[in-house]
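Colleague: I'd like to go through the terms behind this model with you. Shall we take the helix and the cores in turn?

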Amino acid sequence: MKFDKDCDVIWHDRKRFWGLPISFTRYYIVKKEGQWVKCFKHKGFFSSVIDEVNIYRCIDVTLFQSFSDKIFKTGTLEISSSDESSPTFYFKHIANPYNVRDLISGLIEVERRKKHVGITEFQ
């Protein structure tokens, strides 16, 4: 996926099957310095669907890990957000899900402090 030259990819991965990244679904966390931090989901090969959510709009991050996910050290993150187009955003079967969950949680807090946004402003 192509991003603007001012953008930094903080994290990226692919949806995994049996621990192997053999999917056309890719996930990114991208930062444009001084402007935004967003999560992107890019699905498809011939035709594509790209979904995004601003990180400061995220309300909750939940980690799901099945028995097979534990074997292959993968997991699924469910990100609940106040975004109308995608109230739930999934990073399915990603590697190192605990590290990614901690990364996202940290970014949420930093971006909320920068934008002076609290959780009560979403309700």
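Colleague: What makes up the cover over the buried residues of α2?

Modeller: The cover includes β1 (7-14), β2, β3, β5, β6 and β7. Cover here rests on contact, that is, heavy atoms within 4.5 Å. This is a predicted model, where local features need pLDDT of at least 70 and side-chain atom pairs count only at pLDDT 80 or more, while totals for chains, interfaces and linings use all residues. Residues are numbered from 1 along each chain as its sequence is written, and side-chain values use heavy atoms, with hydrogens and water left out.

Colleague: Which residues of α2 are called buried?

Modeller: Buried means under 20% relative accessible area, exposed over 50%, partly exposed in between (1.4 Å probe, protein chains only). In α2, Pro97, Val100, Ile104, Leu107, Ile108, Glu111 and Arg112 are buried, whereas Asn99 and Arg113, on the other side, are exposed.

Colleague: Why do you say the buried residues of α2 line one face?

Modeller: Seen down the axis, they fall within an arc of 130°, so they line one face of the helix. The arc is taken from the directions from the helix axis to the C-beta atoms.

Colleague: What makes the largest nonpolar core a core?

Modeller: A nonpolar core is a set of buried Ala, Val, Leu, Ile, Met, Phe, Trp, Tyr and Cys residues joined through side-chain atoms within 4.5 Å. The largest such set has 19 residues, and Ile29, Ile55, Leu77, Phe91 and Ile104 have the most contacts inside it. Its largest share, 4 residues, comes from α2.

Terms used. Helix = DSSP H or I, 4+ residues; strand = E, 2+ residues; numbered from the N terminus.
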